[in-house]
Structures are given as C-alpha cells and as structure tokens.
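Here are my notes on the model you asked me to look over, set out as numbered points. They are meant to be read with the structure open beside them.

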Amino acid sequence: MRLSGYGSTIFAEMSALATHTNSINLGQGFPDESGPNSVIEVAAQAMRGGLNQYPPGHGNPVLIEAIRAHQARHYGQELGTDQVVVTTGATEAIAASILALVDPDDEVITIDPAYDSYPAMIAFAGGVRRSITLRAPDFTVDLEALEQLITPATKVLLCNSPHNPTGRVFSRAELAGIAELAIRHDLIVVSDEVYEHLTFDDHTHIPLATLPGMTERTITISSAGKSFSLTGWKIGWATGPASLVDAVEGAKNWLSYSSGAPFQPAIAHALNNEESFHQRLRYSLQHKRDLLSTGLRELGLEVFEAQGTYFVNTDVRSLEFANGADFCRWIAEHARVVAIPSQGFFAEVEAGSPFVRWAFCKREELLGEALARLATALRSR
C-alpha cells in the first residue's frame, strides 16, 4: 500500500502519551499562550457579523492584500493577487504543493531531519523521496552531497528554514548553494518558511525566492499560526509565480477548498497592525530557549544551539540511553515530561536515533517545572 506506515504521526503518539501519563508536553510545537487580543476580537466580530460561510477558494481578498503587503514590506517582493493562495495551515500548503507538482515516480529531495508531513505527502503523490542528512553538531547543508542526489528524475527540492526540528537558520551561503543547484538542474523548490519571524541572536531569515533566479521556480509557504501564536486557526498561504500558485490552488480545491472564514480577516488585521508582536515573541522565545537549554545541559544532556523555531535538540547518549525513543518513554513514565524522539524525522533512522527535540514555546513556570521533574527522576534512576 502506498501509504503504509503513514497512518499516524509521532506528534499524535507522544501527545497521547502525555495525556495518558498526565505529563508536561514539551513535544508538540504549539504555544500555551494565545496571540494578540485585537486579532481574536476581529475574528469574534467577524463571526458575530455573519462571516461564517465559505470564503473564496483563493482566499479572502483582504487577507490576500495583507500577505502581498507583508512580502513587500519584509522582503521587497512585489506579488500580484494571482501569486498568493490561502490554505488551511502550512500543512495543507505543503500537501497541495506536492500533490500539484509531483507525478508518480518523480523524485523529491528532502533535507533531513524533515517535518513528517513531507514524506507522507510524497508517498500520497506516488513520488520517490531522496534525502540528505544534516549532521550534528552544526547541522549544516552539505551541498556536494545534495548535488549527488540529483538525477534526471528529480523534480522538486523541499527546503525548510528556519529548520524544524534542528532549529538551524540556513546561512546565505547555504541558500545560495541550494539556489545554484536548483537553477542548474531546473528544479522547483518548495520552501517551508513558517518560522520566518522566529529567529534568535544575530540570525536572520532569508527567503529563497529573493535570491537571483529563484523567484520563478520557488513556492514559498508560511503561516499565521507560528508568527502570531494562533496555531489552531490553521491559516497558511503559498506564494510564488502565478503558474505554480495556480497549480497549488488546483490541488487545494480538492483538499479543503476553503476554510477559516472569520479567521482570515483577523489574520489580515494581524499582518497589517500587529508587527510588534513578532519582536516581543522573539525576545520571549529566546529567553525560554536559554532557560530550557541551560537546564538540560545541567542535567547532563548535550544541547545543540537553536538559532530559530520553537525547538532545541539534545543528544541523550551522554545520559547512557540507547536512543531517543527509549529516553522519551522513560521520562514520560518516570518524570511525567514528554518530548519528541527525533528519529521519526529522518529517512536514515539511525542518524536520528540519539536525538530528542524539546519545545520551549511554553510558559516559563511550566519549563521550570519540567526541568525539576526531570532532575528528580534522573537522580533516582
């Protein structure tokens, strides 16, 4: 069966374990605090005002305009209305992009560890996944290894920066190398940039589509969920050349068609009026990253620097656990804390076996309690 092995996700499994063990859930990447009140109020007003039926499949025009303005303001991109499509979260944008662009037996390159919807959607489309692996401790892109994967059957390269689960923000040199390969081998790039506003220290997000020669071959995906701490609203979008966006919308029409009618004008309000929220969120997340990273190091774990996203990664071998999956099950039972074993993000499972991903997008007191529980459990081990 084409979809054998894709019946569930590691997030569902570990969240169920968190519920079963009454654990603090540092596994799934969602914040435990909502976004701006003004945005929530716009959504409530839209509901009360009757905006509760299907929005246009392409997206509410107010949101389309807000996305166009956002891309121009932040990245200097001038997009037409036919270069934007609103989706049911970034996950649908990824699904629709792959289903639209990948035919059976087309090869799709992923940069592993990769968000688990990527291989599932490649399987849905009947494509063939090929992958390079980012290696600890730096998780940098090996451009020579990437080029060696490209064959005449390669059609799409899936890129993700800021990168989940490693927390890397790809450098300009890495992105320029990816762009050069895509141009030379005539590849379409699907660039997942949902954490675009969540970078730390001196790291800066650079959209692939802004590099020379990439505008015409890149589908860029983002989401309000991460940028405005409204993950449950599932409002995402894809932008790019009109021909590719039209193909993505064509696939999306057979998935959800449309969704989130009252949320779409609210997200337009967020993009137009709540830019300062990104900055406050970045500072808050950077502080929480430092709090969790320091605490995990003090427990004896090797911790890798998170340059962006919601996540920090650790190597559990320093605590003499055989692999991340065993460690995660042990801490759920003995510490009532849940994290995500990273091996589920790797095609090369052994490469990800030692690693565990922790979400720090939680309240400080919750992170502190989780660290205290872990310390108690590990002392009594």
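1. A cut-off is needed first: a residue counts as buried under 20% relative accessible area, as exposed over 50%, and as partly exposed in between. Glu369, with a relative accessible area of 36%, is therefore partly exposed, whereas Arg373 is buried, with a value of 19%. Please keep in mind throughout that this is a predicted model.

2. These two residues belong together, since Glu369 forms a salt bridge with Arg373 in which the closest N and O atoms are 3.0 Å apart. Both lie in helix α14 (residues 364-379), where a spacing of four residues puts about one turn of the helix between them.

3. A similar question can be put to helix α3 (residues 61-75): how far apart along the helix are Arg68 and Glu65? They are separated by about one helical turn, because they are three residues apart. Their salt bridge has its closest N and O atoms 2.9 Å apart, and both partners are partly exposed, Arg68 with a relative accessible area of 25% and Glu65 with 37%.

4. Arg289 and Asp290 also meet through their side chains in a salt bridge, at 2.9 Å from N to O. Here Arg289 counts as buried, at 6% relative accessibility, while Asp290 counts as partly exposed, at 35%. The structure holds 21 salt bridges, and Asp32, Arg363 and Glu365 are linked in a network of them.

5. Turning to the interior, the largest nonpolar core has 121 residues, and those with the most contacts inside it are Ile267, Leu296 and Trp358. Leaving aside neighbours within four places in sequence, Leu296 is in contact with a set of residues including Val303, Val312, Trp358 and Leu371. In soluble globular proteins, nonpolar side chains tend to be buried together.

6. Strand β7 (residues 218-223) is mostly covered, with six of its six residues buried. Thr218, Thr220 and Ser222 are buried on one side, and Ile219, Ile221 and Ser223 on the other. Strand β6 (residues 188-192) pairs with β7 in the parallel sense over four bridges, and Val189 stands opposite Thr218. With strand β8 (residues 235-239), β7 pairs in the antiparallel sense over four bridges, and Ser223 stands opposite Gly236.

7. On the surface, Leu99, Phe124 and Leu255 form a nonpolar patch with about 240 Å² of accessible area together. Leu99 has its place in helix α4 (residues 89-101) and counts as partly exposed, at 30% relative accessibility.

Notes
Residues are numbered from 1 along each chain as its sequence is written. This is a predicted model: local features need pLDDT of at least 70, side-chain atom pairs count only at pLDDT 80 or more; totals for chains, interfaces and linings use all residues. Side-chain values use heavy atoms; hydrogens and water are left out. A nonpolar core is a set of buried Ala, Val, Leu, Ile, Met, Phe, Trp, Tyr and Cys residues joined through side-chain atoms within 4.5 Å. Buried means under 20% relative accessible area, exposed over 50%, partly exposed in between (1.4 Å probe, protein chains only). Contact means heavy atoms within 4.5 Å. Helices (H or I, at least four residues) and strands (E, at least two) are DSSP runs, numbered from the N terminus. Two strands pair if DSSP finds at least two bridges between them. Patches are made of residues with over 30% relative accessible area and no salt bridge: like charges are joined within 9 Å, nonpolar side chains (Val, Leu, Ile, Met, Phe, Trp, Tyr) within 5 Å. Accessible areas come from the Shrake-Rupley method with a 1.4 Å probe; for residues, only the protein chains shown count as cover. A salt bridge is a side-chain nitrogen of Lys or Arg within 4 Å of a carboxyl oxygen of Asp or Glu.
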